Amino acid sequence: MAGYVLTPGLLLGLWLVGGLLTLCGALAVAELAAALPAAGGQYVYLTRAFGSAAGFLYGWTFLLAINTGFVAAVSVAFAKYLGVLLPGIDEQTALFELGERQLSTAQGWRCS
């Protein structure tokens, strides 16, 4: 982001606006948690606000897209930093080869 915004003051201002928006979102979720003290988090909030179909769709979206994307991002970061501790494990080292395709620790299957 800093490469596109060349003015330090504007960059700090954007970070401040982002922080304020994040704080507002956190306070809104805290208010929801106080008003609806039930286990389930966002599923409960969406079900109460928009009906059971919205909660059902959120549950499946969380399972198939949101959670899996988060786990994939954490896995890639873990693999990259593991290469710092164990030099034999990095993005360029192929763990397994099948024809032209290679499996590395950080990028998964790739073609050479």
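**Group meeting: helices H1 and H3**

Start with Val-29, which sits in helix H1, residues 8–35. Keep in mind that this is a predicted model. Val-29 is partly exposed, because its relative accessibility is 41% and the partly exposed class runs between 20% and 50%. Now look along the chain to Gln-42. Val-29 and Gln-42 are 13 residues apart in sequence. Their C-alpha atoms are 8.6 Å apart in space.

Next, Ala-28. Ala-28 also belongs to helix H1. Its relative accessibility is 42%, so Ala-28 counts as partly exposed. Take the pair Ala-28 and Gly-41. Here too the two residues lie 13 places apart along the chain. Their C-alpha atoms are separated by 13 Å.

On to helix H3. H3 covers residues 52–85. That makes 34 residues. How far does H3 reach from its first C-alpha to its last? The span is 47 Å. At 1.5 Å a residue, 50 Å would be expected, and the span is close to that. Yet H3 has a kink. The kink is about 50 degrees, and it is centred on Phe-62.

Which residues of H3 are buried? There are Gly-55, Tyr-58, Ala-79 and Gly-83. Being buried means a relative accessible area under 20%. And the cover? It includes helix H2, residues 42–50. Gln-42, the partner in the Val-29 pair, is where H2 begins.

Now the surface of H3. Trp-60 is in this helix. Is Trp-60 buried, or is it partly exposed? Partly exposed, because its relative accessible area is 45%. Trp-60 is also one member of a nonpolar surface patch. The other members are Phe-56, Leu-57, Leu-63 and Leu-64. Together these residues make a patch of about 570 Å². Membership of a patch requires over 30% relative accessible area, and Trp-60 has 45%.

Last residue: Thr-68, again in H3. Thr-68 is partly exposed, because its relative accessibility is 40%. What does Thr-68 touch, leaving aside its neighbours within four places in sequence? Its contacts are Phe-62 and Leu-63. Both names have come up already. Phe-62 is the centre of the kink. Leu-63 is part of the nonpolar patch.

To recap H3. Its kink is centred on Phe-62. Its buried residues include Tyr-58 and Ala-79. Helix H2 is among what covers the buried residues. Trp-60 is partly exposed and helps make the nonpolar patch. Thr-68 is in contact with the kink-centre residue, Phe-62.

Technical notes. Residues numbered from 1 in each chain as written. Predicted model: local features only at pLDDT ≥ 70, side-chain atom pairs only at ≥ 80, totals over all residues. Heavy atoms only, no water. Patch = residues over 30% accessible without salt bridge, like charges linked within 9 Å, V, L, I, M, F, W, Y side chains within 5 Å. Areas by Shrake-Rupley, 256 points an atom, 1.4 Å probe, with all protein chains shown as cover. Salt bridge = Lys/Arg side-chain N within 4 Å of Asp/Glu carboxyl O. Helix = DSSP H or I, 4+ residues; strand = E, 2+ residues; numbered from the N terminus. Buried < 20%, exposed > 50% of the residue type's maximum accessible area, 1.4 Å probe, protein only. Contact = heavy atoms within 4.5 Å. Expected span 1.5 Å × (residues − 1). Bend = angle between axes of the 7 residues up to and from the residue.
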